[in-house]
Amino acid sequence: SLTESAETLKAQYDLMDNPYIGCAPRGMPYQMTTPYPFEFGRRGNDIVLISELYDAERVIHMNTEPSATEPYSLLGYSVGRWEGNTLVVETDRIDAPYFYGDGTPQSRAIKLVERFELNEAEDRLDYSLTANDPETFREPEHFTKYWAWRPGVGREPYNCVD
């Protein structure tokens, strides 16, 4: 549930002010609600998650400590580690105005923990997200979803036109 101040901000939200209606990219964690294809790649020791939505590239810094000097950005600063076959990603330093497109605000205090795990048949990627933003939520919010692998479907250029 939302804090009182977040409820007030959400009630004042005007859908016509939605920055996500046009071609402006989404911030985290809203970016991860995409139905569009994405892929994981490597860049040195790091993992790069490339989404078709807005052609967004998230770098997941592996074997790295969180950085207090990285600038805030829409996608934040992500640090990953493996727990068995599960990729665990912790993200902070996010500067995005909304948690998702219904006007739910989020603050720069938000911290995310994501878990990505392939099922045994390797045709489904299970995803869980825990969002902790004490300025927005009374307690951490938890979400789950999955993406199914479709042979022959790949990431395409987004080519957004307002």
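The exercises below work through the core, the cavities and some single residues of this structure.

The model is predicted: local features need pLDDT of at least 70, side-chain atom pairs count only at pLDDT 80 or more, and totals for chains, interfaces and linings use all residues. Residues are numbered from 1 along each chain as its sequence is written, and side-chain values use heavy atoms, with hydrogens and water left out.

**Exercise 1. Describe the largest nonpolar core.**

Solution.
Step 1. Fix the term. A nonpolar core is a set of buried Ala, Val, Leu, Ile, Met, Phe, Trp, Tyr and Cys residues joined through side-chain atoms within 4.5 Å. Buried means under 20% relative accessible area, exposed over 50%, and partly exposed in between (1.4 Å probe, protein chains only).
Step 2. Count. The largest core holds 29 residues, and M32, L87, L112, F116 and W147 have the most contacts inside it.
Step 3. Assign elements. β2 (46-51), β3 (57-62), β5, β6 and β7 each give two or more residues to this core. The most comes from β7, with 4 residues. Helices (H or I, at least four residues) and strands (E, at least two) are DSSP runs, numbered from the N terminus.

**Exercise 2. Place F116 and W147 in their surroundings.**

Solution.
Step 1. Locate F116. F116 is in strand β6.
Step 2. Check burial. F116 counts as buried because its relative accessible area is 3%.
Step 3. List partners. Contact means heavy atoms within 4.5 Å. Not counting residues up to four places away in sequence, F116 touches M32, F40, L49, N85, T86, L87, V89, L125, D126, Y127 and W147.
Step 4. Turn to W147. With neighbours within four places in sequence left aside, W147 is in contact with M32, T34, F38, F116, D123, R124, L125 and Y127.
Step 5. Add a distance. F116 and Y146 are 30 residues apart along the chain, and their C-alpha atoms are separated by 9.0 Å.

**Exercise 3. Find the empty space and name its lining.**

Solution.
Step 1. Recall the idea. Rolling a probe the size of a water molecule over the atoms shows where empty space is left.
Step 2. Fix the terms. On a 1 Å grid over the protein atoms alone, a cavity is a set of points where a 1.4 Å probe fits but cannot get out. A pocket is an open set with protein on both sides within 12 Å along at least five of seven lines. Lining residues have an atom within 4 Å of a point. Grid points are joined across faces, edges and corners, and a volume is the space filled by probe spheres set on the points.
Step 3. Take the cavity. The whole structure yields 1 cavity of 30 Å³ or more. The largest cavity has a volume of about 30 Å³, and its lining is Q31, M32, L49, S51, A56 and R58. By class, this lining has 3 nonpolar, 2 polar and 1 charged. Ala, Val, Leu, Ile, Met, Phe, Trp, Tyr, Cys and Pro count as nonpolar, Asp, Glu, Lys and Arg as charged, and the others, Gly among them, as polar.
Step 4. Take the pocket. The largest pocket encloses about 440 Å³. It is lined by 18 residues, of which P37, F38, W147, A148 and W149 are the closest to its centre. The lining comprises 11 nonpolar, 1 polar and 6 charged.
Step 5. Assign elements. β1 (38-43), β7 (124-132) and β8 (141-148) each supply at least two lining residues of the largest pocket. The largest share, 3 residues, comes from β1.

**Exercise 4. Account for the setting of T104.**

Solution.
Step 1. Locate T104. T104 sits in the loop between β5 (86-92) and β6 (111-118).
Step 2. Check burial. T104 is buried because its relative accessible area is 2%.
Step 3. Trace its polar contacts. A polar contact is a pair of N or O atoms within 3.5 Å; within protein, one must be able to donate a hydrogen and the other to accept it, and residues adjacent in sequence count only if both atoms are side-chain atoms. The T104 side chain makes one with the side chain of D102 at 2.8 Å. Another, of 3.4 Å, joins the side chains of T104 and K10.
Step 4. List partners. Leaving aside neighbours within four places in sequence, T104 is in contact with L2, K10, P97, Y98, F99, T136 and F137.

**Exercise 5. Sort the backbone features by position.**

Solution.
Step 1. Take the cis bond. M28 and P29 are joined by a cis peptide bond, with omega about 0 degrees. P29 lies in the loop between α1 (4-11) and β1.
Step 2. Take Y54. Its phi is positive, near 65 degrees, in a residue other than glycine. Y54 is in the loop between β2 and β3 and is buried at 14% relative accessible area.
Step 3. Take N159. Phi of N159 is positive, about 50 degrees, although N159 is not a glycine. N159 lies in the segment after β8 and counts as exposed at 63% relative accessibility.
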